[in-house]
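Here is a set of exercises to work through with the model open beside you. Try each task before you read its solution.

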Amino acid sequence: MTDQAAEEARFLTRNAVEALPEGMLARQLAEGRPLRVKLGIDPTAPDIHLGHTVVLRKLREFQDRGHTVVLIIGDYTARVGDPSGRSSTRPVLSGADIDANAETFQTQAFKVLDRDRTEVRRNSEWLDMAMEDLFRLARNATVAQLLERDDFAKRYAANEPISVLELLYPLLQGYDSVAVRSDVELGGTDQKFNLLLARQIQQAYGVAQQSVLTMPILPGTD
């Protein structure tokens, strides 16, 4: 590992909560190639909120150092609803609402990101898969493993409903990392389980595993 790569890794991980596995980002940077840095956003609301800018600004730092940001618009995962931090199942959105939200999200995201160094993908490109492919994906995690998630564990203990579709969500998000061959994935601390599971899924599909950077969650008005 070069001193330059170690210094760049220190800069890029400053203000992050965790960079996992430890030292991996520096080793990736030492390869001397542009990294593919992934962020997935589900367009479940019309606007990006202020908390998103914490991650977007970090992505811009990667861009300013020559790396490629892969912004995934979760038009398929939005139909499931990310269960992270939720005490109940998210409401189902229509396809038209998701598409409209996706357009707004991109317009707002490019106030922070460099459009020319951003690869925008929709996960409907690969998640509209055959049942055989879904079965293969579902074999890569156990129910016990998924129920270890803090939000699922709390809902299960409280006898609150958890749909089978919600249990699939982390697997679908992980498959995004397979599809776009991500080297690094960013997310809030509430995404840690999903981001690490994506490494497991990448390994199962013979894809080089990504490193993970978690960013702090801004305190809300509640």
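**Exercise 1. A helix residue and its neighbours**

Task: find which residues Gln-106 touches, leaving out those up to four places away in sequence.

Solution. Step one is the contact list: Gln-106 touches Ile-73, Val-120 and Arg-122, where contact means heavy atoms within 4.5 Å. Before going on, a word on the source: this is a predicted model, in which local features need pLDDT of at least 70 and side-chain atom pairs count only at pLDDT 80 or more, while totals for chains, interfaces and linings use all residues. Residues are numbered from 1 along each chain as its sequence is written, and side-chain values use heavy atoms, with hydrogens and water left out.

Step two is to place the residue: Gln-106 belongs to helix α4. Helices (H or I, at least four residues) and strands (E, at least two) are DSSP runs, numbered from the N terminus. Step three is accessibility. Gln-106 has a relative accessible area of 15%, so this residue is buried; the cut-offs are under 20% for buried, over 50% for exposed and partly exposed in between, with a 1.4 Å probe and protein chains only.

Step four widens the view to the helix. Helix α4 (residues 95-109) lies across β2, β3 and β4 and runs at about 170° to β4. Axes here are lines fitted to C-alpha atoms, for helices over the stretch in contact, and angles run from 0 to 180 degrees between N-to-C directions.

**Exercise 2. The sheet**

Task: work out in what order the six strands of the open sheet lie.

Solution. Start with the order, which is β1-β6-β5-β2-β3-β4, with mixed pairing. Two strands pair if DSSP finds at least two bridges between them. Next, look at the edges: β1 and β4 (118-122) each pair on one side only. From one strand to the next, the twist averages 20°.

Now take two of the pairs. Strands β2 (residues 36-41) and β3 (residues 68-73) pair in the parallel sense over six bridges, and Ile-41 stands opposite Ile-73 in β3. Between β2 and β3 the chain crosses through helix α3 (residues 50-64), giving a right-handed β-α-β crossover. Right-handed means that, with the strands pointing away from the viewer, the path from the first strand over the helix to the second runs clockwise. Strands β2 and β5 also run parallel, joined by two bridges.

**Exercise 3. A residue in β5**

Task: decide whether Glu-185 is buried or exposed, and find what it touches.

Solution. First, Glu-185 sits in strand β5, with Lys-38 opposite. Second, its relative accessibility is 1%, so Glu-185 counts as buried. Third, its contacts beyond four places in sequence include Lys-38, Gln-173, Ser-177, Leu-195 and Ala-198. Finally, Glu-185 and Leu-39 lie 146 residues apart in sequence, yet their C-alpha atoms are 6.0 Å apart in space.

**Exercise 4. Helix against helix**

Task: find at what angle the axes of α6 and α9 cross.

Solution. The axes come within 10 Å and cross at roughly 105°. Helices α6 and α9 are therefore roughly perpendicular to each other, a class that covers 65 to 115 degrees; under 35 counts as roughly parallel, over 145 as roughly antiparallel and the rest as oblique. The contact is made by Leu-134, Leu-137 and Ala-138 of α6 with Leu-168, Leu-171, Leu-172 and Tyr-175 of α9. Helix α9 also lies across β2, β3, β4 and β5, at about 145° to β2.

**Exercise 5. Checking a helix length**

Task: find what span is expected for the 13 residues of helix α10.

Solution. The expected span is 1.5 Å times one less than the number of residues. For α10 (residues 192-204) this gives 18 Å, and the end C-alpha atoms are 19 Å apart, which agrees. Buried residues of α10 include Asn-194, Leu-195 and Ile-201, and the buried residues pack against α2, α6 (131-138), α7 (143-146), α9, β5 (184-188) and β6 (211-215). Just after α10, Gly-206 takes a positive phi of about 70°.

**Exercise 6. Backbone exceptions**

Task: find which peptide bond is cis, and what phi Asn-15 and Asn-159 have.

Solution. Most residues other than glycine have a negative phi, and most peptide bonds are trans. The bond from Leu-20 to Pro-21 is cis, with omega near -15°; Pro-21 lies in the loop between β1 (18-20) and α2 (24-29). Asn-15 has a positive phi near 70°, lies in the loop between α1 (3-13) and β1, and is exposed at 58% relative accessibility. Asn-159 has a positive phi near 60°, lies in the loop between α8 (150-157) and α9 (164-180), and is exposed with a relative accessible area of 69%.
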